[in-house]
Amino acid sequence: MEISQLSIKEQANKKSFSISLLSLTLGSFAIGMTEFVIMGLLPNVADDLGVSISSAGQLITMYALGVAVGAPIMTILTHRIPQKKLLCFLMLLFIFGNGISVIAPNYSVLMAARMLTALTHGTFFGVGAVVASSLVPPDKRASAVSIMMAGLTIANIIGVPLGTFIGQHMGWRSSFGTIAIMGIIAWVGIMVFVPKMRQKNTESITGQIKALVQPKLLLYLLIGALGNAALFTVFTYITPLLTQVTGFAEHSVTWILVLFGCGVTIGNIVGGKLADWKLMPSVLGLYFSICIILTLFTFTMYNQIAAVITIFLWGAASFAVFPGLQVRVMNLAQSAPALASTSSHSAGNLGNAAGAFIGGWVITHLAITSLPWVGAILVGLALLLGVASYIAERKAKTNNVFLTKEN
């Protein structure tokens, strides 16, 4: 009887944890949708507000900068707020920002609303990753983080096309209204299902910054930024690459990007399980795989079938590395895991911006066909830094064991 009751209790706890993770995943889905849906609505926004396409494009740039710069600041300022309350506050701010976007009378107000919404992005993912990893046993942390972050990848497959469709048929404001409704549902889910987390003794702001600026952690933030730079060096210009070089019709690219998104989602889940199995070996192995795949893409981009297969594998490998890297950064800053996790997203967004710039430079000064191997070089640099750090850690552990035995 006791065993049966214990089993029922365990099943109830598992169900509760699943719904809690689902609520966080829905929140990340809504945030991912609000970040990327604007790309498909730029002409609509520009026409409605009477600005140029390039000016409308700044709504994307300023959002990314808001995430990169604002997220660590937001995390530091809110570090004493209990995690569940903070997640609820961030979702309310997110809902408010998207609500302002719906009624924005002009470009300036829409820009302010976008930047306000951007402040919630990195902090939500940072705190959400900490909460998700706290809901499961230590050996399942990376898988939990990957499930929470899956919302961001699913947003690219389902959310962005859906939001674009709604915006093109019902007006771009309807897209942001839909996102706000998703935010409300996520907020209710977090309020009801995410358990109250016991607040640990929080470090002072100075202590958190000290935990963040340790050389090893900064090295892994750089590794993550290089990985993202490699991804966006190629991905930013994937449409002209596939149409001009591979020979696809423009309408076919949409379905190829959907396939890429499927690879991203699968890779994200598999990457979490690999990281739970062997954290650093899996991270380094995945970076090596991305380097090989991008090198192969230099040759396979001339064949349509080979190019599609390569793109799917590239998407899977590129996003499989994220859960492990996120957990690694959190482990290195145990006194400030939320700030470290948030800073990981900031570094990633800086990498995104750098990759788009590098890709543009490559097209201008080399050729569009050079993008894959330049991306491979950037991933190779991330891999070399990771391997060097891992070898140094292994040597340090070996020396410590040797000294302990000596004593």
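Let's start with a pair of helices: α12 passes α13 in a left-handed crossing. This is a predicted model, and the pair is a good way into it. Helix α12 covers residues 279–300 and helix α13 covers residues 304–332. Their axes lie 8 Å apart, and the packing angle is about 155°. The two helices therefore count as roughly antiparallel to each other, since angles over 145 degrees fall in that class. Sorted by class, the residues where α12 meets α13 are 19 nonpolar, five polar and one charged.

## The chain as a whole

With that pair in mind, we can step back. The protein chain has 15 helices and zero strands. It holds 407 residues, and 52% of them count as buried. Among contacts in the chain with a separation of 6 or more, 83% join residues 24 or more positions apart.

Which residues touch the most other members of the largest nonpolar core? They are Leu24, Tyr287 and Trp314, in a core of 111 residues. Helix α13 supplies the largest share of this core, with 13 residues. Leucine 24 has a long list of partners beyond its neighbours within four places in sequence: Leu87, Phe124, Gly128, Val131, Ala132, Met148, Ile190 and Val194.

## Helix α13 and its other partner

Helix α13 also meets helix α11, which spans residues 250–277. Here the axes come within 6 Å and cross at roughly 35°. In this case the crossing of α11 past α13 is right-handed. On the α11 side, the contact includes Ile256, Phe260, Gly263, Gly267 and Gly271, while Ile311, Trp314, Gly315 and Phe319 are among the residues from α13. By class, the contact of α11 with α13 divides into 15 nonpolar, seven polar and no charged residues.

Isoleucine 311 gives a closer view of helix α13, where it lies. Is isoleucine 311 buried or exposed? Its relative accessibility is 3%, so it counts as buried, the cut-off being under 20%. Setting aside residues up to four places away in sequence, isoleucine 311 touches Ile238, Leu242, Ile256, Phe260 and Phe297. Its C-alpha atom is 9.0 Å from that of leucine 294, a residue 17 places away along the chain.

## Helices α4 and α5

Another pair sits earlier in the sequence. Helix α4 runs over residues 83–103 and helix α5 over residues 107–134. Their axes come within 8 Å and cross at roughly 155°, which makes α4 roughly antiparallel to α5. As α4 passes α5, the crossing is left-handed. Among the residues that meet are Leu86, Leu87, Leu90 and Phe94 in α4, and Leu110, Ala113, Phe124 and Val131 in α5. The contact of α4 with α5 is made up of 16 nonpolar, eight polar and no charged residues.

Two residues of α4 are worth a look. Serine 101 lies in this helix and is buried, with a relative accessible area of 1%. Apart from neighbours within four places in sequence, serine 101 is in contact with Leu110, Ala113, Trp172, Arg173 and Phe176. Phenylalanine 89 also lies in α4, but at 37% relative accessibility it counts as partly exposed. The C-alpha atoms of phenylalanine 89 and tryptophan 187 are 8.8 Å from each other, although 98 residues separate them along the chain.

## Two more residues to find

Valine 245 lies in helix α10, residues 238–246. Which residues does valine 245 touch, not counting residues up to four places away in sequence? They are Pro240, Met301, Tyr302, Ile368 and Thr369. Between valine 245 and methionine 301, the C-alpha separation is 7.1 Å, with their positions 56 residues apart along the chain.

Serine 389 belongs to helix α15, residues 371–406. It is buried, with a relative accessible area of 8%. Beyond its neighbours within four places in sequence, serine 389 is in contact with Lys216, Leu219 and Tyr220.

The C-alpha distances given above are gathered here.

| Residue pair | Separation along the chain | C-alpha distance |
|---|---|---|
| Valine 245 and methionine 301 | 56 residues | 7.1 Å |
| Phenylalanine 89 and tryptophan 187 | 98 residues | 8.8 Å |
| Isoleucine 311 and leucine 294 | 17 residues | 9.0 Å |

How values were computed:
Residues numbered from 1 in each chain as written. Predicted model: local features only at pLDDT ≥ 70, side-chain atom pairs only at ≥ 80, totals over all residues. Heavy atoms only, no water. Helix = DSSP H or I, 4+ residues; strand = E, 2+ residues; numbered from the N terminus. Buried < 20%, exposed > 50% of the residue type's maximum accessible area, 1.4 Å probe, protein only. Contact = heavy atoms within 4.5 Å. Axes fitted to C-alpha atoms, helices over the stretch in contact; angles between N-to-C directions. Parallel < 35°, antiparallel > 145°, perpendicular 65-115°, else oblique. Left-handed = near helix turned anticlockwise from the far one by under 90°. Nonpolar A, V, L, I, M, F, W, Y, C, P; charged D, E, K, R; others polar. Core = buried A, V, L, I, M, F, W, Y, C linked by side-chain atoms within 4.5 Å.
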